[in-house]
Structures are given as structure tokens and as C-alpha cells.
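Open the model in your viewer and keep the sequence panel beside it. The tour below goes stop by stop, saying what to select and what is there.

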Amino acid sequence: MLKTRIITAIVLLAVLLPVLYFNNPIAFAVIVTLFFGAAIWEGFRLFNPASKNALVISVFWAAAFCYTFFYAEPRQATFWFVISVMVWLLRLVPSLKIGLPALDSGGNTLLSMTYAVAIVACFAAIVVLYRHSPLYLLSVMVLVWIADIGAYAAGRAFGKRKLAPTISPGKSWEGAIGGAIAVVLLASLSVLFGGPALADTFAVRVQASLGWAGLTAILLLIAAASVVGDLFESQLKRRAGAKDSSRLLPGHGGVLDRIDALIPVLPLAALIDTWL
């Protein structure tokens with residue numbers, strides 16, 4: 001399994017890094033649309049495990065996304081980011097407490113559309129942040145990865161109090177706090193010592209605009225949002241009886257398994273960026 005994970009990671013990096021840094025708009029549009037379609041496909045299957053229409057629906061959504069964000073060049077991307085934040089605050093976060101509706105209910109259909117909107121906003125944020133610069137996009141994504149790694153390490157070392165035992169028994173409050181501390185610490189170090197190489201990054205821009213207190217608050221918010229995104233997808237998988245969102249990425253599960261924490265974070269970061 002470890003060998004498979006490593007091979008898949010190498011292949012993904014070999015494809016994604018050149019697309020990010022060679023500044024080829026067509027290649028970028030193709031890759032983003034493919035990953036978006038895969039995420040919608042996986043999400044639909046988690047909400048409707050027995051349905052046979054997932055592929056058709058995902059192709060339709062992917063085509064609409066590609067037209068909207070790569071051909072039509074919309075100016076209302078900020079609208080998606082605002083809607084995403086509202087969706088998470090008003091519906092998706094509360095579901096972690098109140099639970100999910102039955103798979104065969106109308107509430108489940110409505111929730112599936114709500115989560116699809118969150119996925120659209122996530123990929124719209126990828127487009128917007130990438131157009132700022134590839135480094136800027138990566139600087140936001142790295143914050144989520146640091147939070148995940150820090151939470152894993154702190155949870156293994158100190159984890160005792162379960163964060164959400166009925167959703168993801170392996171996660172602990174100590175892990176979540178450790179992940180948040182790791183994000184604040186490493187992002188602050190990048191601001192202090194990153195120099196010209198990291199001048200065009202999210203943390204540097206936030207600190208320059210809002211100061212250290214503002215940067216700390218934003219980083220803690222991002223760390224919390226990443227945990228929420230991870231837990232919500234875990235909740236979907238647990239209800240559907242699935243270990244992974246799919247097997248599209250051998251050794252890693254599916255696309256949603258890799259971007260679950262990014263889904264609430266990237267639109268939030270893009271919205272914050274519009275305020276700076």
C-alpha cells in the first residue's frame with residue numbers, strides 16, 4: 001500500500017506541478033475541470049450510492065463549470081465565495097451536530113445540492129487564486145496540509161479527548177489544537193524569514209494588511225475550517241458505508257479524500273483576499 005501511495009503521489013506531482021508553473025491556461029483548465037468532475041461524481045455517489053446517473057450528472061456539472069469559469073470569464077466569483085461561507089455556517093457545520101438526513105429523503109437531495117455548491121466554490125477559488133499566481137494558490141493549500149500534518153502528529157502524541165467520536169474516532173481535540181499551532185507557527189516563520197521568495201503568499205499579504213493579530217485570527221479560522229471540511233466528508237462516507245470517496249487515486253482513495261479540507265478553506269481564503 002505504501003508503494004502504491006508513493007507512486008500515485010509522484011505521478012500526481014509530475015502532472016500538476018508543470019501545469020501550475022508553465023502557465024498554460026488550456027492545460028490548467030483541463031486538469032481543474034477533470035478534478036472538479038471527479039469530485040462531483042464522488043460526492044453524488046456518497047449521497048446516492050444506488051444511483052446509476054452519477055457519471056452523466058458529473059459530466060454535465062463539469063461542462064457547466066468549464067464554460068462558466070474558463071470561457072465566460074465571470075466577474076461574480078466573489079458571489080460563490082460568500083455563498084460557500086454561508087452554506088458551511090448555516091447547513092454543513094450544523095450537520096456535524098444534528099446528523100445527516102436519510103439517504104432516501106428529500107432533505108438528502110437538498111443537502112447534496114448544497115455540498116455541490118461548496119465544491120463549485122472551492123474550484124472557483126482555485127481558478128481565482130491561481131490567476132493571482134501559482135505560488136499564491138499553493139501558499140493557501142500548504143496551510144491546510146500543515147494543519148493536517150500537525151493534527152496527525154499531535155493527535156498521535158497527545159490525543160486523549162475525541163473530537164467527533166461518532167464521525168471520525170481517530171481525531172482528537174489535542175490533534176486539532178496541534179494542527180492550529182503548527183499553522184500559526186510555520187506561517188509566521190514564513191512571514192518573518194521567507195524574504196523575496198515568499199513575498200507573494202497569502203500569509204505575507206494578510207500580515208501586511210491586518211498585522212500579527214489579524215494574521216493569527218485568520219490562520220486559526222483556516223485551521224478550524226479545514227477540520228470541519230474533513231469531518232463533513234468523513235460523515236458522508238460513514239453514512240454511505242464507504243471507506244474512501246472512490247478508488248480514483250490508488251493508495252489515496254478519491255479526489256474528495258484529498259481535497260475535503262480544502263473545500264471550505266479555499267473559498268474562505270479567496271473571500272478574505274478580496275477584502276485585502
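What pattern does the protein follow when read along the sequence? The pattern is α-α-α-α-α-α-β-β-α-α-α-α, made of ten helices and two strands. Helices (H or I, at least four residues) and strands (E, at least two) are DSSP runs, numbered from the N terminus.

This is a predicted model, in which local features need pLDDT of at least 70 and side-chain atom pairs count only at pLDDT 80 or more, while totals for chains, interfaces and linings use all residues. Residues are numbered from 1 along each chain as its sequence is written, and side-chain values use heavy atoms, with hydrogens and water left out.

**Stop 1: the whole chain**

Show the C-alpha trace, which spans about 55 × 50 × 40 Å along its principal axes. The radius of gyration (taken over C-alpha atoms) is 18 Å, close to the 19 Å that the globule rule (2.2 Å times the number of residues to the power 0.38) gives for 276 residues, so the protein is as compact as a globular protein of that length. Of the 276 residues, 48% count as buried. Buried means under 20% relative accessible area, exposed means over 50%, and partly exposed is in between (1.4 Å probe, protein chains only).

**Stop 2: the aromatic rings**

Select F28 and F70. Their ring centres are 6.0 Å apart and their planes are at 80°, so the pair is edge-to-face. Rings of Phe, Tyr and Trp (its six-membered ring) pair if their centres lie within 6.5 Å; planes under 30 degrees apart count as stacked, over 60 as edge-to-face and the rest as tilted. F28 is in helix α2 (residues 25–47) and F70 in helix α3 (residues 54–71), so this pair ties together parts that are 42 residues apart in sequence. Both F28 and F70 are buried.

Next, select F79 and W80, another edge-to-face pair, with 6.2 Å centre to centre and 80° between the planes. W80 is partly exposed, at 22% relative accessible area. Now add F36, F65, F69, F123 and Y130 to the selection: ring pairs link these residues with F28, F70, F79 and W80 into a cluster. The whole structure has 14 aromatic pairs.

Then select W41 and R45. R45 lies over the face of W41, at 4.4 Å from the ring centre. A charge sits over a ring if NZ of Lys or CZ of Arg is within 6 Å of the ring centre and within 35 degrees of the ring normal.

**Stop 3: S226 and L268**

Select S226 in helix α8 (residues 202–240). Is S226 buried or exposed? S226 counts as buried because its relative accessibility is 6%. S226 touches V144, A147, A261 and V265, not counting residues up to four places away in sequence; contact means heavy atoms within 4.5 Å.

Move to L268 in helix α10 (residues 262–275). L268 is buried, with a relative accessible area of 12%. Not counting residues up to four places away in sequence, L268 touches V85, L221 and A225. Add S84: its C-alpha atom is 7.8 Å from that of L268, though 184 residues separate the two along the chain.

**Stop 4: the cysteines**

How many disulfides does a search of the whole structure find? The search finds zero, where a disulfide is a pair of cysteine sulfur atoms within 2.5 Å. Select C66 and C122. The closest cysteine sulfur to that of C66 is in C122, 16 Å away, which is too far for a bond. C66 is partly exposed, with a relative accessible area of 29%, whereas C122 is buried at 1%.
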